[in-house]
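This report introduces a protein structure to a reader who has not met it before. Please keep the sequence and the model in view while reading.

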Amino acid sequence: FYEWRKSGVGKLPYRILRTNAELLVMAGLWEEWRDANQVLRTYTIITTGPNEEMSTIHNRMPVLLLNATDRDYWLSDAPVEDLLSLLQTPPDGCLQRYRVSRSLNSVSNNDPKLHEAVNDEPLTLF
């Protein structure tokens, strides 16, 4: 996933992925709304406080389901109260991150190069 860190008046984009290169699965909720003419499906990603890798970028991050047991449990028919135990900050060290091009900030850009690391961090004194 991507997250943006405030830098002066702008925002710097980062790509975040698992250190072991496995699929990154986020906890979310969906709902289907109906009226006479249409069906609207909505989705939200559940967030929590940041782990070490994310703490310098943003004050929250997605809840991650890092193993098959947790993913299966999240998708089960378990009571909501039982699923709340999964809504935890992911452990430190499970993610890697790197800066990507500011071109990612525009939805009109769609290029594989948007995934590539860049080293144009602005220099700051503090």
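The sections below describe a predicted model, beginning with its strands and ending with its largest pocket.

## The three-stranded sheet

Three strands make up an open sheet in the order 1-2-7, and their pairing is antiparallel. Strand 1 and strand 7 are the edge strands, each pairing on one side only. On average, neighbouring strands of this sheet are turned by 35 degrees against each other, direction ignored.

Strand 1 covers residues 2-7 and strand 2 covers residues 10-18; six bridges join these two antiparallel strands. Two pairs of residues help to locate this pairing in the model. Trp 4 stands opposite Pro 13 in strand 2, and the bridge partner of Lys 6 in strand 2 is Lys 11. The hairpin of strand 1 and strand 2 has two residues between the strands, and Gly 8 in this hairpin takes a positive phi near 65 degrees.

## Strand 2 and strand 7

Strand 7 consists of residues 95-99 and pairs with strand 2 in the antiparallel sense over five bridges. Here Arg 18 stands opposite Leu 95 in strand 7.

Strand 7 also contains Arg 99. Is this arginine, Arg 99, buried or exposed? Arg 99 has a relative accessible area of 4%, and therefore counts as buried, the cut-off being under 20%. Its side chain reaches the backbone oxygen of Pro 13 at 3.2 Å. Pro 13 is also the residue that Trp 4 of the neighbouring pairing stands opposite.

## The strand 3 and strand 4 hairpin

Strand 3 spans residues 28-34, and strand 4 spans residues 39-45. The two strands run antiparallel and are joined by seven bridges. Together they form a hairpin with four residues between them. Within this pairing, Glu 31 stands opposite Thr 42 in strand 4.

## Salt bridges

How many salt bridges does the model hold? The count comes to three. One of them joins Arg 18 to Glu 22, with the closest N and O atoms 3.6 Å apart. The two partners differ in exposure: Arg 18 is buried, with a relative accessible area of 7%, whereas Glu 22 is partly exposed at 44%. Arg 18 is thus involved both in this salt bridge and in the position opposite Leu 95.

Glu 32 takes part in salt bridges with two arginines. With Arg 34, the closest N and O atoms are 2.4 Å apart; with Arg 41, the corresponding distance is 3.0 Å. Glu 32 is partly exposed, with a relative accessible area of 24%. Arg 34 is exposed at 61%, and Arg 41 counts as exposed at 59%. Through their shared partners, these salt bridges join Glu 32, Arg 34 and Arg 41 into one network.

## An unusual backbone angle in a loop

Ala 21 is found in the loop between strand 2 and strand 3. What is the phi of Ala 21? The angle is near 65 degrees, a positive value in a residue other than glycine. Most residues other than glycine have a negative phi, which is the background for singling out this position. Ala 21 has a relative accessible area of 68%, so this residue is exposed, the cut-off being over 50%.

## The largest pocket

The largest pocket contains about 340 Å³ of space. Its lining is made up of 18 residues, and those closest to its centre are Gly 28, Leu 29, Trp 74, Leu 75 and Leu 83.

Which elements each supply at least two residues of this lining? They are strand 3, helix 2 (68-74) and helix 3 (80-83). The largest share, three residues, comes from strand 3. Strand 3 therefore appears in two parts of this description: strand 3 pairs with strand 4, and strand 3 also contributes to the pocket lining.

Terms used: Residues are numbered from 1 along each chain as its sequence is written. This is a predicted model: local features need pLDDT of at least 70, side-chain atom pairs count only at pLDDT 80 or more; totals for chains, interfaces and linings use all residues. Side-chain values use heavy atoms; hydrogens and water are left out. Two strands pair if DSSP finds at least two bridges between them. Buried means under 20% relative accessible area, exposed over 50%, partly exposed in between (1.4 Å probe, protein chains only). A polar contact is a pair of N or O atoms within 3.5 Å; within protein, one must be able to donate a hydrogen and the other to accept it, and residues adjacent in sequence count only if both atoms are side-chain atoms. A salt bridge is a side-chain nitrogen of Lys or Arg within 4 Å of a carboxyl oxygen of Asp or Glu. Axes are lines fitted to C-alpha atoms, for helices over the stretch in contact, and angles run from 0 to 180 degrees between N-to-C directions. On a 1 Å grid over the protein atoms alone, a cavity is a set of points where a 1.4 Å probe fits but cannot get out, and a pocket is an open set with protein on both sides within 12 Å along at least five of seven lines; lining residues have an atom within 4 Å of a point. Grid points are joined across faces, edges and corners, and a volume is the space filled by probe spheres set on the points.
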